[in-house]
Every structure is written in C-alpha cells, then in structure tokens.
Amino acid sequence: MRPTGKLHLGNFMGALANWVKLQDQYECYFFIADLHALTTDYADTSQIAPNTLEVALDFLGAGLDPERCTIFVQSQVKQHYELPLLLGMITPLGWLERVPSYKEMIENLAHKDLTTFGFLGYPVLMASDILLYQPQFVPVGQDPPAHVELTREVARRFNFFFPRGGRTPRDAGKHPDIRPVTIGMWEGDEVLPEPQVLLTPSPKLPGTDGRKMSKSYGNTILLTDPEPVVRQKLKTMVTDPARVRRTDKGDPDKCPVGDLHKVFSTPETLAKVYDGCRSASIGCIECKGWVADALVQVLNPIQQRRASFTEPQVLEILRDGSSRARARAHQTMDQVHAAMQMTLTGDTGR
Ligand code: SF4
C-alpha cells in the first residue's frame, strides 16, 4: 500500500480486512510502498516518512500482527532496487506502454510531469515487489489488475532466458536472442515462479459523494475518524435522488447509504432500511444514523488497537519486518544472480 496518508474504510474493506484473515492461512508479506510514492510524487518527498508511519499504524490497528506476518517498508529492503534493474533489462518497452493505467494516470494527473523513466517503469518495480518473495499467490480484491498479468509475463520471460542451473541444449535456438550459455540439467523448478491471483472478496464501498471511496475524490471515511466526524460525514452523504422530500419513497438499491448498510448492518437493520425507505416510513437522517452506528462498531476496535502502539514500537516493528524481508529477498537474489551467471564463481545455482 502506498503511503499517501491515513487509510480509509475503502482500503480496509478492499484489502486490509482480507489481509488480516490471510495472515493465519499463509506466510504473508505486507509492505508500505514508499518507492512507489516516488513514481508520481517525486517533487515533494516531505510527507512520505510521516505517511509511512500512519499507514503502519493503520495496518496494526486493522489487526495485522507482526508475529503472524511480515510488515515492512519497501525502501528498507535494498533488493527492491536491485531486481527491478535486472528485470528492466528484459522487459520490452511495449509491455509497459500498454499497461492501461499508464495512459490513464498521465491524463488524470496532467498537473504532474509523469514522462519519467520511473513512472513508465513502475510495473517492473511492482513485478519485482512480488517476485522477490517467490510467492504462490498475490491477493487481489477485484478483477486481476494488468500489473499481475505483466508480473507473470516478466517472470516467464526471465525463466525462459535464465532457467535454474543454466540452459539446456534443447533450449538453444528456440529464441533468436538466445544462444546456449551452459550445458546443464533443466530441473523444472523456476527461479521466479509465476504467481497466481488469490481473489479475495471486496464489497463495493461508496464514498460520501456516491462515487467509489477514494482519497483523490475527498469522499472518504478514515479509519481514524472519531465518532462525531463519522456521523457528520454521513449526514452530508448523498442518497437516492428520488427521495427529495421526507414523504417520497426511495430505494436502498439506488442509494449509496443503502450500499453501506449492505456491507456493515445486521440483516435486521437492513430489513428495516428496505421496508422503511420503500414505504417512506423512515427519514434519511434516521437511516444514516443506523449506518453510523454500524460503522462506529467497526472503527472502535481498530482505533483502540491503533492507540495502543507508540511510535518507537511501530518503528521497531518496521525495522524487524524489513530485516526479515531482506533475508527472504536475499535468498531470491542469490538464485537470480546464479541463474544469470552474475557471480564471481560462475556458480549457476545447480
Ligand atoms: S432512507 Fe436510507 S436507503 Fe433510503 S434513500 Fe434515505 S438514506 Fe438512502
């Protein structure tokens, strides 16, 4: 997750809540992507460090447990600088230019100069972030993003050029750029396995203006918002446009507040909302009060857990997690170097 500021309910429901479950099922690595922040915000880095701390606190508040998963900061694991350089050497430019978010972000962030090497190459950074841990799965909340597919393609290309233990004679001549470099046994296991997508449920979460909850729209409910702020934000939330007056009937299926009820309220409350809204027997203020009650129930434990960590404790957790991540990434890089025969001894890792 990028350190762009405090996290909001959309981040929680879209990713964090699932990560908390995954930490008991898999060996998990979660990181704060401060190098990615540089791809768009390189001109002002002053907020990256304070935001990193805020995101770490939100991770911990949401329930990520440093005893059950590895939480680290990307820039503190130097292999995140190293692998992108090597993978960048084999990634065709066309693959990067056709990532859908590339043109989209250049248009959306027209006030920033994104015609940089770093921005064009950020999918390679992302692929490296994943492949450094040789994972089986990448958790994804919605349709698999193009980056994951690109990661798989980059891994495939790497493994084709640089199989573990060197290239066998039968590989020679399959690709015009490839000449046999060593005669060795193909063992079938790849240095950079192609990760699979692990689709995790991610409900639609509208912001206060009815659009997707997003920091860039300024429509978020933060995980740190105190109860009065949550209630105030909900008061201004848009509703079914058909309910202009209190006596007008509405439809929760056409109302962003109804969408929040579907995610956070009990079946009993949801039934009251459908009934009361469709018969105009409840007002929107009352209905918003119910969803605020449910949100406060979700946010309270997160905020209590968050408040139980001091800054020195968080820094220690990040230091320890980064050290564990470095050790794991180091193992991968040893294999990468061996496969590429970029070692002083010429060892190919067989
Ligand atoms: S009563 Fe609730 S669901 Fe119906 S329009 Fe008002 S806020 Fe939306």
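Y29 stands opposite T70 of β2, and that is a handy way into this predicted model. The two strands involved, β1 and β2, run parallel and are joined by four bridges. Within β2, T70 and F72 point one way while I71 and V73 point the other, and all four are buried. That fits the general pattern: in a regular strand, side chains alternate between the two faces of the sheet.

Y29 and F72 turn up again when you look at the rings. Together with F31 and Y133, they form one aromatic cluster.

Stepping back for a moment, the protein has 14 helices and four strands. Its C-alpha trace spans about 80 × 45 × 40 Å along the principal axes. Of the 350 residues, 50% are buried. Take the contacts between residues at least 6 apart in sequence, and 75% of them join residues at least 24 apart.

Now for the inside. In soluble globular proteins, nonpolar side chains tend to be buried together. Here the largest nonpolar core has 48 residues, and L9, F12, L16, F59 and L234 have the most contacts inside it. Helices and strands both feed this core: the elements giving two or more residues include α1 (9–22), β1 (29–32), α3 (48–62), β2 (70–73) and α14 (311–339). There is also a second, separate core of 35 residues, with A127, L131, L132 and M333 among its members.

Which residues does L9 touch, not counting those up to four places away in sequence? The list is L205, M213, I221, L223, F264, L295 and L299.

Back to aromatics: a search of the whole structure finds ten aromatic pairs. One of them is Y26 with F137, an edge-to-face pair at 5.7 Å centre to centre with 70° between the planes. This pair links distant parts of the chain, since Y26 is in the loop between α1 and β1 and F137 is in strand β3 (residues 137–140), 111 residues away. Are these two rings' residues buried or exposed? Neither label fits: Y26 has a relative accessible area of 33%, so it counts as partly exposed, and F137, at 29%, is partly exposed too.

Two rings also have a positive side chain over them. Here they are next to each other:

| Charged residue | Ring | Distance to ring centre |
|---|---|---|
| R157 | W95 | 5.7 Å |
| K272 | W290 | 4.3 Å |

In the first, the charged end of R157 sits over the W95 ring; in the second, K272 lies over the face of W290.

H36 deserves a look as well. You'll find H36 in helix α2 (residues 34–41). Is H36 buried or exposed? Its relative accessibility is 4%, so H36 counts as buried, the cut-off being under 20%. Leaving aside neighbours within four places in sequence, H36 is in contact with R2, Q74, Y122, L125, M126 and D129.

Last stop, α14, which is one of the contributors to the largest core. How does the span of its 29 residues agree with what α14 should have? At 1.5 Å a residue α14 should span 42 Å, and its end C-alpha atoms are 41 Å apart, so the two agree. Right after α14 comes Q341, whose phi is positive, near 55°.

Terms used. Residues are numbered from 1 along each chain as its sequence is written. Side-chain values use heavy atoms; hydrogens and water are left out. A nonpolar core is a set of buried Ala, Val, Leu, Ile, Met, Phe, Trp, Tyr and Cys residues joined through side-chain atoms within 4.5 Å. Buried means under 20% relative accessible area, exposed over 50%, partly exposed in between (1.4 Å probe, protein chains only). Contact means heavy atoms within 4.5 Å. Rings of Phe, Tyr and Trp (its six-membered ring) pair if their centres lie within 6.5 Å; planes under 30 degrees apart count as stacked, over 60 as edge-to-face and the rest as tilted. A charge sits over a ring if NZ of Lys or CZ of Arg is within 6 Å of the ring centre and within 35 degrees of the ring normal. Two strands pair if DSSP finds at least two bridges between them. The expected span of a helix is 1.5 Å times one less than its number of residues.
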